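These are notes for a colleague going through the model. They are arranged by topic, from the sheet to the helices and then to the charged pairs.

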Amino acid sequence: MSEAAASHATDRRDLTAAQRNAVAELLRVSPVADELGRRFAAAGHELHLVGGSVRDALLGRLGEDLDFCTDAHPDQTLDIVRGWAEAIWETGREFGTIGCQRGGLRLEITTFRAESYDQVSRNPVVAYGTSLTEDLRRRDFTVNAMAVSLPEHRFTDPYGGLADLAAKIVRTPGTPAESFGDDPLRMLRAARFAAQLRFAVHPDVRAAMTRMATDLDRITAERIRDEFTKLLCGADPITGLRLLVDTGLAERFLPELTGLKLEIDEHAQHKDVYEHTLTVIRNAVSYEEDGPDFILRMAALMHDVGKPGTKAIGPDGRVSFHHHEVVGARLTKARMKALRYPKDVTAKVTALVALHLRFYGYGRGEWTDSAVRRYVTDAGDLLPRLHKLTRSDCTTRNRRKAAQLAADYDALEERIARIAAEEDLARVRPDLDGNAIMELLGVPPGPVVGRAWKHLKDLRLERGPLDRDTAEVELLRWARDEGILS
């Protein structure tokens, strides 16, 4: 058999498998979907399962959220689902979408669209379309431009989505320029599909992403944030990130990532810090236990972004990046704020970036029990992620050095466990509480109590648990030194 014939045979087998998956998945949701289709038909309207729902059915992973399109307008859709749906919501009504729930499924029903951007504003201009084919052409990619009519189960695929799904290719129904002109966020979504589904991006699509990268500036930070988060949490984030950098899209919203390509790693274990960073992300993914961890992955992505601004070359020719973790934490906070990430998420990622170098030096035997206590206390509930990030950051190809670093961190974790068992490190508190401090010093609530509490906590971290008498003696000594007591 020729190579071309073998490839064609493989494609046919993939298509057959995809079609079998779709049948099985559609049968699972048919009781609700077909019933809804019959209601629309009785009212004189079309209804089609569409977009990501068809794609996921073909991949054998259809979820509980189903997307439909129809020629009915929102008011007509509402009339059809009232009395049948267990719940209805209209939050997407201005975009032609009515949502409802039935039988454990969440259904979103959208009027055929002829949607486009005005090439200036950040929001879509929505106009209702008149046909299924027109609606499908307005979809982002061919793999999302397929439909199944209900209740007939007639398959519609005018742009070759099924073949592209089998070939694992991201391609647009019309020209890429037309698609990205309608919604520039689709360029970022193409990279997300590469990361989530391990699909290759068609050369024409890639070229348009590069040519039109600046159009991403028209998109709101929130939409970019949501799409980027999905990309970073994909099955293969490295491919998605490389595509963002290579096309210039990263420069529009995450220039720190592109900047890493310019800096050479001080140990020369990779071509540059950019390659090192991608390796750290890959390592971090391997340490995940319960699915994608955005906070860990984002910290891995940003952990060295302070290096470009701190690069220095010593007299011996060695490159250093002193305090890059401090600069990196500041840059991380600013970037995540610009992308409108929640404050609590930003704080956790920033803290991990600031702490990621703390471990180095432990293997030289310089850490006291006090240093271990501070390491644990400063990390707080981020300690498990800090363990993973620190281990991920070891990318040396020197096996002996890598083994030594791993052994050192094993020893640190064992030491943390021992001290934690003895002292309950998770709840390190001063040996005297606020009430005892006020009683001993004869002061009311206020700044003095806070300062005394901090002193006792520092003492606790330095020396471990103190008995009551020793803690009282230390507090009174501090108060005399501070002039609070005579």
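1. In which sense do strand β1 and β2 pair, and over how many bridges? Strand β1, residues 47-50, and β2 are antiparallel, and three bridges join the two strands. Within this pairing, L47 stands opposite T70 in β2. The model is a predicted one, and the points below should be read on that footing.

2. On its other pairing, β2 meets β5. The two strands run parallel and are joined by six bridges. C69 faces T110, which lies in β5. Strand β2 thus takes part in an antiparallel pairing with β1 and a parallel pairing with β5.

3. Both pairings belong to an open sheet of seven strands, ordered β3-β4-β5-β2-β1-β6-β7, in which the pairing is mixed. The edges are β3 (87-89) and β7 (155-156), each of which pairs on one side only. At the β7 end, β6 and β7 are antiparallel, with two bridges between them. V148 stands opposite F155 of β7. Helix α3, residues 74-81, packs on the sheet and touches β2, β3, β4 (97-102) and β5. The direction of α3 makes about 15 degrees with that of β4.

4. The β2 and β5 strands are also connected through side chains. D65 and R106 form a salt bridge, with an N to O distance of 3.6 Å. D65 lies in strand β2 (residues 65-70) and R106 in strand β5 (residues 105-111), so the pair links distant parts of the chain, 41 residues apart. Are the two partners buried, exposed or partly exposed? D65 is partly exposed, at a relative accessible area of 48%. R106 is likewise partly exposed, at 40%.

5. A second pair for inspection is D182 with R138, a salt bridge whose closest N and O atoms are 2.2 Å apart. This pair also links distant parts of the chain: D182 sits in helix α6 (residues 176-182), while R138 sits in the loop between α4 (132-137) and β6 (147-149), 44 residues away. D182 is buried, with a relative accessible area of 9%, whereas R138 is partly exposed, with a value of 26%. The cut-off for buried is under 20% relative accessible area, so D182 falls within the class and R138 does not.

6. The third pair is D293 and R385, whose side chains meet in a salt bridge at 2.9 Å, N to O. D293 is in the loop between α13 (273-287) and α14 (294-302), and R385 is in helix α19 (residues 383-392). They are 92 residues apart, and the pair links distant parts of the chain. D293 counts as buried because its relative accessibility is 15%, and the class takes in values under 20%.

7. What is the setting of α19, the helix that carries R385? Seven of its ten residues are buried, so α19 is largely enclosed by the rest of the structure. The buried residues of α19 are L383, L386, H387, K388, L389, T390 and S392.

8. Beyond these pairs, D140, R189, R192 and E227 are linked in a network of salt bridges. A search of the whole structure finds 28 salt bridges.

9. How do α9 and α14 lie relative to each other? The axes of helix α9 (residues 221-232) and α14 come within 10 Å and cross at roughly 90 degrees. The two helices are therefore roughly perpendicular. F228, T229 and L232 of α9 make the contact with F294, R297, M298 and L301 of α14. By class, this contact holds five nonpolar residues, one polar and one charged.

10. In helix α21 (residues 434-441), the residues A436, I437, M438 and L441 are buried. Just after α21 comes G442, which takes a positive phi of about 65 degrees.

11. Some totals for the chain complete the note. There are 23 helices and eleven strands. Of the 486 residues, 49% are buried. Among contacts with a separation of 6 or more, 65% are between residues 24 or more positions apart.

Methods. Residues numbered from 1 in each chain as written. Predicted model: local features only at pLDDT ≥ 70, side-chain atom pairs only at ≥ 80, totals over all residues. Heavy atoms only, no water. Salt bridge = Lys/Arg side-chain N within 4 Å of Asp/Glu carboxyl O. Helix = DSSP H or I, 4+ residues; strand = E, 2+ residues; numbered from the N terminus. Buried < 20%, exposed > 50% of the residue type's maximum accessible area, 1.4 Å probe, protein only. Pairing = 2+ DSSP bridges. Axes fitted to C-alpha atoms, helices over the stretch in contact; angles between N-to-C directions. Parallel < 35°, antiparallel > 145°, perpendicular 65-115°, else oblique. Contact = heavy atoms within 4.5 Å. Nonpolar A, V, L, I, M, F, W, Y, C, P; charged D, E, K, R; others polar.
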